[in-house]
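What follows is a walk through one protein chain, going from overall totals to single residues. Keep the sequence and the coordinates open while reading.

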Amino acid sequence: MEMADLLVVLVTGFVVIAAATLVGPRLGVAAPLLLVAVGVAASFLPVFAAIEIDPELILAGVLPPLLYSSAVSMPAMNFRREFGAISGLSVVLVVATALLLGVFFQLVLPDLGFAWGVALGAVISPTDAVATSIVKQTSVSKRVVAMLDGESLLNDATALVLLRTAIVATAASFSFWGALGTFAYSVVVALVIGLVVGWANLAVRRRVTDSTVNTVISFAVPFVASLPASAVGASGLVAAVVAGLVTGVRAPRVLSPQNRLSDTQNWRTVELVLEGAVFLTMGLQIKSIVTDVHEDHSGVVPALLIALGALALTIVVRAAYVAPLLRFLSARARHAEAMQPRVQSMQDRIESEGAGGSFAELNRRARSDPRQLEAGAGAGAGSDPGDTVGGAVGVPADVASTGRSPRARSPRRGRRRPEGRTRTPSQRTLDQFTRRVTQGLADIEYFLRQPLGWRDGTAVVWAGMRGAVTVAAAQTLPEDTPQRPVLVLIAFAVAALSLLLQGGTIGPLLRRLSPPVDEAAEHAQNESERTKIFELMRTSADTVPGPDPRTVDRSKEGFDASVAHTLAMLAAQREALLDARDHGLFDADVLADALTNLDASEIAIELRGRLAD
């Protein structure tokens, strides 16, 4: 393709992406579906006849920045609260789906074998991070959005590790412990690399004051995380996600409002272009995939029927997993509701007497009956056994009795402290205890305020769409894979049918299933949240000493003193809001709006200061 033709294609692609984004909602059709349709139509044009899209371009070039950007913008507190459900959906469900699909493909495709069937199952099993963006345009629960976002951030790593393991198993004997070790290595190493890159990214960018340069550096971060991880055999996608989570949590405390505003706007543009390009390229590949099947003298219609059966199986397996998951979460929520009065009493006592009294009471209970402490540690509403009310307030018995963590405990385990003698807890221990009680109570209120019912379960099941990642992963199958063109066509058909059937109907389905929204109650809830936030901001601003009255005049020095005082108040308010975010005290969206307003105020004041200079 000539350079002029390439430029025409790129410009046309940008226009098509923008048009689909604007026209799709007006037509009642999700923009990704329009883009896939445009890509399919364009694949028959002569200009695209010789185009071959390297699957690594999607897996290593497009996915890391998309997942990184999603991780940066995802509320970290919601991710923590839903981590149990997220980890189950992104690991357990992916493995179970791949294995069952492996059996299915072994039965319907002659001479394929179970290992190759599992490899194709691993390709099809993960939901697509870009495809789930369709769900965000509906009225689905925020908890469902958090689960789906978290699942799509992590399940690709499970699927790709399982794909590699299955391919290896076709040439050698399969080892369960070897596969488990490979997965653990892939995740742990990626976690370490992501943490290091995330912290190093902020350490460098906090020293760069130019917003444009700062944003350019941010564009490199997902690749700085993913490429080294992939080079050592770990998951580059997990590394990019972890780097994004670290950046999202720490950036408001480290980066200036100007830098974060520049980041947000530019990354939204990048997301729009990359997501649109993913769906366009997915449609563009249809003709070449079908042609390969014809040249291999395989039937297209049987492959499509198999794909339809595979899609139905993935939905059934997902429903079979989500149903007991919701029952489990509901049971834990009821148990947490029973624990709420005890945790609330701890919180009230901390506010009136300080943390020492509640900590001593927990210490006394631990000495008199350790089972009470264990019961408290197991009573939670979180979606994960470790993410519980007890996990937030249930301090281990050795910490409660000594005021130290297990690592700081004396190695002389055989000696017991005489009855009645306790070590005075340090202030750090008391602060940690206070934070965990506050966080635990907020977690209980979060789960009770947003209970999950069968409608939410239906949304989680039907929103599990496949997308371009499935197509790209299928094309990484080795050239000597049995019936490779058919397998690639099956993967493409599953992704396309998933987007068409699930993506095309999820909006009307959720509108039909959603109960009537009490807009007055929702407005009252949001207003209550805003009132509490404004009160917190007022209180934190009052802690900042006012400017020296002698400097408050119409002189340049007086203006500078006033600006400095206002900026100090904004900094105190931001710190208070970020502490509230970490404790989970407010709705994530309402809190994000308050932080955005603070950033806008700070930017405006600094601009006025520059004009005065």
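The secondary structure of this protein chain consists of 24 helices and zero strands. The model is a predicted one, and the values discussed here were computed from it. The protein chain has 613 residues, and 47% of them count as buried. Its exposed area is about 29,500 Å², of which carbon and sulfur atoms supply 62%. The contact pattern can be put in terms of sequence separation: when contacts between residues at least 6 apart in sequence are taken, 83% join residues at least 24 apart.

Helix α6 gives a view of burial at the level of one element. Nine of its 11 residues are buried, so α6 is largely enclosed by the rest of the structure. Those buried residues begin with Trp116, Gly117 and Val118, go on through Ala119, Leu120 and Gly121, and end with Ala122, Val123 and Ile124.

The loop that leads into this helix can be examined next. Asp111 sits there, between α5 (83-108) and α6 (114-124). Is Asp111 buried or exposed? Its relative accessible area is 76%, and a residue counts as exposed when that value is over 50%, so Asp111 is exposed. The backbone of Asp111 also deserves a look, since its phi is near 65°, a positive value in a residue other than glycine.

A second residue with positive phi is Gln483, at about 55°, and Gln483 is not a glycine either. Gln483 belongs to the loop between α20 (468-474) and α21 (484-513). Its relative accessibility is 27%, which lies between the cut-offs of 20% and 50%, and therefore Gln483 counts as partly exposed.

The last stop is a charged side chain. Arg260 is part of helix α11, which covers residues 257-284. Where does the relative accessible area of Arg260 place it, buried or exposed? The value is 13%, and because buried means under 20%, Arg260 is buried. What surrounds Arg260 can be read from its contacts. Leaving aside residues up to four places away in sequence, Arg260 touches Ala251, Pro252 and Leu255, and also Arg574 and Asp599. For Leu255 there is a distance to add: its backbone oxygen lies 3.2 Å from a polar atom of the Arg260 side chain.

Notes. Residues are numbered from 1 along each chain as its sequence is written. This is a predicted model: local features need pLDDT of at least 70, side-chain atom pairs count only at pLDDT 80 or more; totals for chains, interfaces and linings use all residues. Side-chain values use heavy atoms; hydrogens and water are left out. Helices (H or I, at least four residues) and strands (E, at least two) are DSSP runs, numbered from the N terminus. Buried means under 20% relative accessible area, exposed over 50%, partly exposed in between (1.4 Å probe, protein chains only). A polar contact is a pair of N or O atoms within 3.5 Å; within protein, one must be able to donate a hydrogen and the other to accept it, and residues adjacent in sequence count only if both atoms are side-chain atoms. Contact means heavy atoms within 4.5 Å. Accessible areas come from the Shrake-Rupley method with a 1.4 Å probe; for residues, only the protein chains shown count as cover.
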